[in-house]
Amino acid sequence: DHMDEESVRTLERQLRQSKGKRMALESRLKHVGQDALQAALIDQCASKDLYTICFFGVAKQGSISLGSFDGWDPSDPSVMVFSHGQRCHDGPARTLRVRLSCGGGS
């Protein structure tokens, strides 16, 4: 039955999308542990001037990738490390270190 085949394909696609979202969320959560303040940053982004940082995601300067979240600095747990960004001309791949601190603003 054509309607049944189409329904099955739609459900399979929705299942794949849900599994992909679950895997992405689990990947972000593994970096958070029990810290509720860090968990609040999941899927949040902050922008200032040309810079955009998506916590547990990617960081950019305009259209240039500064890297993807690579973990926390083992020597300073308040510093997020973004690695494997766009390569500099004749140089290394860009990286970014972001120090988090509590404050009144975003």
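These are my notebook entries on the cysteines, the sheet and the aromatic rings of a predicted model.

**Cysteines**

I searched the whole structure for disulfides and found 1. Cys45 and Cys54 form this disulfide, with 2.0 Å between their sulfur atoms. I then looked up the torsion about the S-S bond of Cys45 and Cys54; it is about 105 degrees, so I noted the disulfide as right-handed.

Next I checked the accessibility of the cysteines. Cys45 has a relative accessibility of 48% and counts as partly exposed, because exposed would need a value over 50%. Cys54 comes out at 18%, and I entered Cys54 as buried because the cut-off is under 20%. I also looked up Cys88, which is partly exposed at 28% relative accessibility.

**Sheet**

I went through the strand order next. The model has an open sheet of 6 strands in the order E1-E2-E3-E4-E5-E6, and the pairing is antiparallel. Which strands stand at the edges? They are E1, residues 45–48, and E6, residues 96–99; each has a single partner strand, so one side of each lacks a neighbour in the sheet. From one strand to the next, the twist averages 25 degrees.

I took a further look at the E6 edge. E6 pairs with E5, residues 76–84, in the antiparallel sense over 4 bridges. Across this pairing, Phe82 stands opposite Leu96 in E6. As a reminder to myself, strands of a sheet pair through backbone hydrogen bonds.

**Aromatic rings**

My search of the whole structure for aromatic pairs returned 4. I wrote out two of them, starting with Phe56 and Trp72. Their ring centres are 6.0 Å apart and their planes make an angle of 65 degrees, which is edge-to-face. Phe56 sits in the loop between strand E2 (51–54) and strand E3 (58–61), while Trp72 belongs to strand E4 (residues 64–73), so this pair ties together parts 16 residues apart in sequence. Is Phe56 buried or exposed? Its relative accessible area is 7%, so I entered Phe56 as buried.

Then I wrote out Phe69 and Phe82, also an edge-to-face pair, at 5.9 Å centre to centre and 70 degrees between the planes. Phe69 is in strand E4 and Phe82 in strand E5, so the pair ties together parts that are 13 residues apart in sequence. Both Phe69 and Phe82 are buried.

Last, I checked how the rings connect. Phe56, Phe69, Trp72 and Phe82 are linked by ring pairs into a cluster. Phe82 thus appears twice in my notes: in this cluster and opposite Leu96 of E6.

Conventions:
Residues are numbered from 1 along each chain as its sequence is written. This is a predicted model: local features need pLDDT of at least 70, side-chain atom pairs count only at pLDDT 80 or more; totals for chains, interfaces and linings use all residues. Side-chain values use heavy atoms; hydrogens and water are left out. A disulfide is a pair of cysteine sulfur atoms within 2.5 Å. Buried means under 20% relative accessible area, exposed over 50%, partly exposed in between (1.4 Å probe, protein chains only). Two strands pair if DSSP finds at least two bridges between them. Helices (H or I, at least four residues) and strands (E, at least two) are DSSP runs, numbered from the N terminus. Axes are lines fitted to C-alpha atoms, for helices over the stretch in contact, and angles run from 0 to 180 degrees between N-to-C directions. Rings of Phe, Tyr and Trp (its six-membered ring) pair if their centres lie within 6.5 Å; planes under 30 degrees apart count as stacked, over 60 as edge-to-face and the rest as tilted.
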